[in-house]
Amino acid sequence: MQSIIFPGNTRQPCQARYGVLHIKESGTRIAQIVVVQSDKDAHMGTSLWNTDEGRNLVLNRILETDLQGVRIEYIRFATVIHSSGVLHAIDLPIEVDIDDYVAKGNRHDVGQALAQDWIGVLRNLVGRGNKQYGIWSGDVVGGCARFYMDFEERKFIDPAIAREWLKALGFPHEIVAS
């Protein structure tokens, strides 16, 4: 597992550890990012569950360094918190920042979105209406743009699964066994 530093809620340095596992999911190989924080670490600081900016920075750093060029649809991101001897784990879906994706010159199609009211019709007529972007998922890869996660879309992971991941990544025994 590798150490990663990120800014906490008051911009203080916080620490987590991470690893990437190769897992078979529904017949397809995926890269499972597992980011772990433990209250046994002296430099844990702000929990990744409590900082959108810190969590997104961690995600983007891992995508740019360890998973550059890998399709996002084959990557999962989980955070595991070890607190008071208990494991808590969540899965967060990864989303592309479409504005950054377009600004970086990645392949995409642009169309005019349908107007919802008469003001929208007028805006469309003068070319100021809402745009619709079309992208091929094969072009959305680690390192191509910024990515983010919506904490409200999290899914809880069974602690037994999180424990298996930590064991596979060689995380310290006293945490895995608790």
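Colleague: I'm new here, so let's start with one residue: does Phe 156 count as buried or exposed?
Modeller: Happy to help: this is a predicted model, where local features need pLDDT of at least 70 and side-chain atom pairs count only at pLDDT 80 or more, while totals for chains, interfaces and linings use all residues. Residues are numbered from 1 along each chain as its sequence is written, and side-chain values use heavy atoms, leaving out hydrogens and water. Buried means under 20% relative accessible area, exposed over 50%, and partly exposed in between, with a 1.4 Å probe and protein chains only. Phe 156 has 61% relative accessibility, so this residue counts as exposed.

Colleague: How many aromatic pairs does a search of the whole structure find?
Modeller: Rings of Phe, Tyr and Trp (its six-membered ring) pair if their centres lie within 6.5 Å; planes under 30 degrees apart are stacked, over 60 edge-to-face, and the rest tilted. With that rule, the number of aromatic pairs found in the whole structure is 2.

Colleague: What kind of pair do Trp 49 and Phe 151 make?
Modeller: Their ring centres are 6.4 Å apart. The planes stand at 55°, so the pair is tilted.

Colleague: How many residues apart in sequence are the parts that this pair of Trp 49 and Phe 151 ties together?
Modeller: Strands (E, at least two residues) and helices (H or I, at least four) are DSSP runs numbered from the N terminus. Trp 49 lies in the loop between β3 (28–38) and α1 (52–65), and Phe 151 in the loop between β9 (147–149) and β10 (155–157). The pair therefore ties together parts whose separation in sequence is 102 residues.

Colleague: And what kind of pair do Trp 49 and Phe 156 form?
Modeller: Here the rings are 6.4 Å centre to centre. With 70° between the planes, this aromatic pair is edge-to-face.

Colleague: Which ring has the charged end of Arg 71 over it?
Modeller: A charge sits over a ring if NZ of Lys or CZ of Arg is within 6 Å of the ring centre and within 35 degrees of the ring normal. For Arg 71, the charged end is 5.3 Å from the centre of the ring of Trp 136.

Colleague: Which element gives the most to the largest nonpolar core?
Modeller: A nonpolar core is a set of buried Ala, Val, Leu, Ile, Met, Phe, Trp, Tyr and Cys residues joined through side-chain atoms within 4.5 Å. The largest one has 31 residues. Elements giving two or more residues to this core include β1 (2–7), β2 (13–25) and β3. With 4 residues, the element that gives the most is α1.
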